[in-house]
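Q: I should like to learn how to read the contact between two chains and the sheets that they share. Where should one begin?

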Number of protein chains: 2
Amino acid sequence: MLREMGRRAKEASLTLMNLDAATKSAGLVAIANALTAHTDEILAENKKDVDAFLEKGGSAAMADRLRLTKERIAAMAEGVLKVNALPEVVGEVLGMTKRPNGLVIGKKRVPLGVIGMIYEARPNVTVDAAVLCLKTSNACILRGGSEAIFSNSILTDIMTKALHSAGFPDGSLQLVRDTSRETVVNLMRLNEYLDVLIPRGGKGLIQSVVQNATVPVIETGTGNCHIYIEKTADMDMAVRILYNAKTSRPSVCNAAESLLVDRLIAKEVLPQIALSMAEKQVELRGCDKTREILPEIKTATEEDFYTEYNDYILSIKVVEDIHEAIAHINTHGTGHSEAIITSDYTSANLFLDSIDAAAVYVNASTRFTDGDEFGFGAEIGISTQKLHARGPMGLEALTSTKYIVYGNGQVRE
Amino acid sequence: MLREMGRRAKEASLTLMNLDAATKSAGLVAIANALTAHTDEILAENKKDVDAFLEKGGSAAMADRLRLTKERIAAMAEGVLKVNALPEVVGEVLGMTKRPNGLVIGKKRVPLGVIGMIYEARPNVTVDAAVLCLKTSNACILRGGSEAIFSNSILTDIMTKALHSAGFPDGSLQLVRDTSRETVVNLMRLNEYLDVLIPRGGKGLIQSVVQNATVPVIETGTGNCHIYIEKTADMDMAVRILYNAKTSRPSVCNAAESLLVDRLIAKEVLPQIALSMAEKQVELRGCDKTREILPEIKTATEEDFYTEYNDYILSIKVVEDIHEAIAHINTHGTGHSEAIITSDYTSANLFLDSIDAAAVYVNASTRFTDGDEFGFGAEIGISTQKLHARGPMGLEALTSTKYIVYGNGQVRE
């Protein structure tokens, strides 16, 4: 079954590769319109998922992530139109050179081919992921969580019909409706047909894909992000940035989890930070030196410094200097987003050069690591691996290149 | 043991990240000089490998791949100096934008970090791979074939000493001297320390890495390349290009394995091709229509059309038109290098657009798919996957990027 889906997707991808812009746009607009037109059906199917989830004892918070509303469906349709309006990235020639033998060699941006997406509960990912793949002329095979199977099925049916009416090839978009573990592992090993697999979701899901997949994977997500307050930092700025990075949305991957403070300024800045964090009831956990200044807080263990809390908790460590801060971050971080607050030129540059992460900041909140904030217009995820794409991934991350070579009879000596 | 190597490599990679150009160059020059200075020792160790190999009944052809000579060592040293002379790619900022909120975001080219290389018999890969990794400021862990263990050990020892004397951090270059299967599988799963794994060698090796690795892999190598003679082709050019693509070096991945000929010109061109291929005793295997014109040749099975012979064998198929040719190539090819011979503008462009391969040629030999021929100055392999790098990989393929973000107090709304 999966192999047949793969074969159809591969076949579709070869047609999609040269699909004209007008047809592509018509397909995306048709999806947006169809989502709006079929709002009631979508809500009815989604209700089955939510009811079943609650019946099984699912939490209200998780049920909310699963739930669609008229407004959420309208926002999904609007998102589709926004992606449709983005500039075309496929087909661009990134450079062309003429070799001494007369061969003209160009590097052309092309679709990846067939993209597999494995994700969890939120049904809006079904629409987001499909539309980003299709905008970049890729076929896609989606596999959402079992909790959202009714929602994902109706959304895929609606999108498939819309694409068909606009002239997209069959097989451009498919949903794996069998949500068994066996099938998802087979999907991860469908090398003959899949060009890439993108997992979206929690640490468990991503690790399972990394461990089981033989198809190339783009790893997304985990962020144990640090704010380092260097001794020359503007204290007000430091407190303001930490407040934003820790408390504006603690559940996301670009939120700060850990604070490093230079020893020389620890006595001055830590009490201000304790006050600011108290506004949002952030639990502080500090190293011994931190607890000399803030004796009321808990002790941070080595394990704390490796932990992405995704919650109103902050670990704090007093460091000797920037060198200790850099070494600590490169050891404990997950290579996502790291920030220094400083007014010193040399320290700023040393931090930018020495931190091994997808995004390194001077005097700004780590919360900016995001496709929209970076100006990409869309985001398929944030890569924390170094291969292919690193950091927020926009449409270009869903493309590959091929060399096109113009000759006039050249043979190799 | 492997974890300790990984830890050391990771640590070295953080220093290498900011290694100044002068030190880097000194290290590579020291390697070149040391290889020349220690020629006799290298030859003595290499002799142990070759003798053991022949004693075990190894073939003379394979022994020749394993054997080093004074000339081969001199060529290796020369190759190191050539890589050293290439322009620096690490540190380049690929673009910088200012966002409406004042954040300045740059995309900087950085090393991948720690690269694992798994390869087979030829000991010169030990030097090639090490030097390309080091030139791009990556630490590397090499794992060569057991047949070359004495050669690889002495080469690594010599290079390690040279690097140390030039001021490279310890752990920059390491060889896995335990060549057991268990250890190599553990290397493929060393996600904590390895950023990427590059296999170099035969199909079996590459498939084993793809199937077993959890570390991201760049797949290199296999090439079932086609020459398609379209009906408007210049016949002399077509015969000349096929001769070059098939016979100039049949064992390599960019050599042609299969010929497609338009039905309308098959009667005219196939006898000329049979003559030209006979010069090099190339065995021809044709479809039924080919055998109506060349009745003396063998029948090509469906299996033949999927086969990379790496030998003086050519499969031939007569096709109805360019559409059948494109469909055949996209089904049977390995996405390496594909060529059309034509004088028709529309056919040339249709072929360039529709073939899904790393390099697509008009009127030139597939043999040009090569880092040197493409002007990259060096080559770590030819990628046939679509993620990260596709086609010949030069120094840039051994790099990643990171975003560097300059703020002045920005927080996210």
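A: Let us begin with a definition: a salt bridge is a side-chain nitrogen of Lys or Arg within 4 Å of a carboxyl oxygen of Asp or Glu. The model before you is predicted. In it, the side chains of Lys10(A) and Asp356(B) form a salt bridge, with 3.5 Å from N to O.

Q: How many salt bridges are there between chain A and chain B, and how many residue pairs are in polar contact?

A: The count between chain A and chain B is 10 salt bridges. Between these chains there are also 43 residue pairs in polar contact, both residues being at pLDDT 80 or more.

Q: Which elements of chain A give two or more residues to the side that touches chain B?

A: They include helices and strands, among them helix H1 (2-16), helix H15 (345-354), strand S13 (359-364) and strand S16 (399-410) of chain A. The largest share, 11 residues, comes from S16(A). By residue type, the side of chain A that touches chain B divides into 34 nonpolar, 23 polar and 16 charged residues.

Q: How is the size of such a contact expressed?

A: The size of an interface is often given as the accessible area lost when the parts come together. Here chain A and chain B bury about 6000 Å² between them, and 51% of that area is on carbon and sulfur atoms. Leu387(A), Tyr403(A) and Arg412(A) supply 15% of the area that chain A buries against chain B, more than any other three residues. In terms of residues, the contact takes 73 from chain A and 73 from chain B.

Q: What turn and what shift lay chain A on chain B?

A: A turn of 180° with a shift of 0.0 Å along the axis lays chain A on chain B, at an RMSD of 0.0 Å. That is the relation of a two-fold axis. Within chain A, the C-alpha nearest the axis belongs to His388(A), 1.8 Å from it. The same surface serves both copies, since 100% of the contact residues of chain A recur in chain B.

Q: How should one read the pairing of strands across the contact?

A: Strands of a sheet pair through backbone hydrogen bonds, either parallel or antiparallel. In this model, S16(A) pairs with strand S13 (residues 359-364) of chain B in the parallel sense, over 5 bridges. Within this pairing, Val405(A) stands opposite Tyr361(B), and Tyr406(A) stands opposite Val362(B).

Q: In what order do the strands of the open sheet that begins with S1(A) follow one another?

A: The order is S1(A)-S2(A)-S16(A)-S13(B)-S12(B)-S7(B)-S8(B)-S11(B)-S9(B)-S10(B), giving an open sheet of 10 strands with mixed pairing. Its edge strands are S1 of chain A and strand S10 (298-299) of chain B, each of which pairs on one side only. Another open sheet of 10 strands runs S10(A)-S9(A)-S11(A)-S8(A)-S7(A)-S12(A)-S13(A)-S16(B)-S2(B)-S1(B), and its pairing is mixed.

Q: Which neighbouring strands within chain A illustrate the two senses of pairing?

A: For the antiparallel sense, 4 bridges join S1(A) to S2(A), and Met96(A) stands opposite Gly106(A) in S2(A). These two strands form a hairpin with 5 residues between them, and Gly102(A) in the turn has a positive phi of about 95°. For the parallel sense, 4 bridges join strand S12 (residues 337-341) of chain A to S13(A), where Ala339(A) has Tyr361(A) as its bridge partner.

Q: Which parts of chain A does the salt bridge of Glu88(A) and Lys24(A) tie together?

A: Over all chains the count comes to 49 salt bridges. In the one between Glu88(A) and Lys24(A), the closest N and O atoms are 2.6 Å apart. Glu88(A) lies in the loop between helix H5 (70-85) and strand S1 (93-98) of chain A and Lys24(A) in helix H2 (residues 21-37) of chain A, so the pair ties together parts that are 64 residues apart in sequence.

Terms used:
Residues numbered from 1 in each chain as written. Chains lettered and ligands numbered in written order. Predicted model: local features only at pLDDT ≥ 70, side-chain atom pairs only at ≥ 80, totals over all residues. Heavy atoms only, no water. Contact = heavy atoms within 4.5 Å. Buried area = accessible area lost by both parts, 1.4 Å probe. Polar contact = N/O pair within 3.5 Å; in protein donor to acceptor, adjacent residues only side chain to side chain. Nonpolar A, V, L, I, M, F, W, Y, C, P; charged D, E, K, R; others polar. Pairing = 2+ DSSP bridges. Least-squares fit on C-alpha atoms with pLDDT ≥ 70 in both.
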